[in-house]
Amino acid sequence: MRNLPIIALDFKSADEVHTFLNKFNEPLCVKIGMELFYQTGQALIKSIKKRGHDIFLDLKLHDIPNTVSKAMEGLARLDIDLVNVHAAGGIKMMEEAKKGLRKHNADIKIIAVTQLTSTTERQLHEEQNIQTSIEEAVLNYARLTKKAGLDGVVCSPLEAKMISKELGSDFLKVTPGIRPKGAARNDQQRITTPEEAKTLGSTHIVVGRPITQSEHPIDSYHKIKESWLS
């Protein structure tokens, strides 16, 4: 996947997506999440690929190993560049996910979600009953992901540095929770600017509303892209 900011296409329909993408005359990296995929399916992926964009299909699969493996066999037939599972599913599930993916595609990268960037330490303790720090919980999931043979993780930029230190700089750290200075936090909790994310070791950044809900999305994208690549 190209080293460009990944734009989260958090829209309700394919028409809204194409209206947004029509503003751009350059190759992009985009993220299709559950809300959009469950309503538009493969047709949207095909139409976005025709435009020359890279696609991160963000479905966060989490089920028994056999189910995830079979689901990945199906996703492997799609023209996508990156896909993910939940690390909480465990090593066996992640291994089977990769096995299913590789039956039909050797090129799609597969990563695992550690903790959502909307998760606070209070939620970690009180709701998930994980009684470590959030950093320790994320690192534990990252270790399991590496052991399962996946390509990297989804994490906050705030955890990218420690993951790089232990698991290597080539291990992907795809980081949502990116906000330019002065942007609204929204429902994200563990956030940084694009510049900070790069310094901390993120390999890819995901940005949604600061671009898609901007009055001037092209300008907003280019400012974030410049901050990320500089």
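I began with asparagine 129, which I found in the loop that runs between helix 5 (121-126) and helix 6 (134-147). The model I am reading is a predicted one, and I keep that in mind for every entry below. At this loop position I looked up the backbone and noted that phi of asparagine 129 is near 55 degrees, a positive value in a residue other than glycine. I then checked its accessibility and recorded asparagine 129 as exposed, because its relative accessibility is 59% and the exposed class starts over 50%.

My next entry concerns lysine 60, where phi is near 50 degrees, again a positive value in a residue that is not glycine. Here the setting is a strand, since I located lysine 60 in strand 3, residues 54-61. I wrote lysine 60 down as partly exposed, because its relative accessibility comes to 22%.

I turned to the aromatic residues and noted four aromatic pairs in the structure. One of them I looked at in detail: the ring centres of phenylalanine 11 and phenylalanine 20 lie 5.4 Å apart with the planes at 45 degrees, so I entered the pair as tilted. The angle falls in that class because stacked requires planes under 30 degrees apart and edge-to-face requires over 60. Are these two rings buried or exposed? I found phenylalanine 11 buried, with a relative accessible area of 11%, and phenylalanine 20 buried as well, with a relative accessible area of 4%. Both residues also belong to one aromatic cluster, which I listed as Phe11, Phe20, Phe24 and Tyr221.

For the surface charges I asked which residues gather in a patch of negative charge. I noted Asp10, Asp15, Glu16 and Glu35 as the residues of this surface patch. Among them I followed aspartate 10, which I placed in the loop between strand 1 (6-8) and helix 1 (14-21). I classed aspartate 10 as partly exposed, because its relative accessibility is 42%, and the patch itself admits residues with over 30% relative accessible area.

My last entry is on arginine 209, which I found in helix 9, residues 209-212. With a relative accessible area of 25%, arginine 209 went into my notes as partly exposed. I also looked up how far arginine 209 stands from valine 113: their C-alpha atoms are separated by 20 Å, while the two residues are 96 residues apart along the chain.

Notes:
Residues numbered from 1 in each chain as written. Predicted model: local features only at pLDDT ≥ 70, side-chain atom pairs only at ≥ 80, totals over all residues. Heavy atoms only, no water. Patch = residues over 30% accessible without salt bridge, like charges linked within 9 Å, V, L, I, M, F, W, Y side chains within 5 Å. Areas by Shrake-Rupley, 256 points an atom, 1.4 Å probe, with all protein chains shown as cover. Salt bridge = Lys/Arg side-chain N within 4 Å of Asp/Glu carboxyl O. Lys, Arg positive; Asp, Glu negative; His and termini not counted. Charge placed at Lys NZ, Arg CZ, Asp CG, Glu CD. Helix = DSSP H or I, 4+ residues; strand = E, 2+ residues; numbered from the N terminus. Buried < 20%, exposed > 50% of the residue type's maximum accessible area, 1.4 Å probe, protein only. Phe/Tyr/Trp six-rings, centres within 6.5 Å; stacked < 30°, edge-to-face > 60°.
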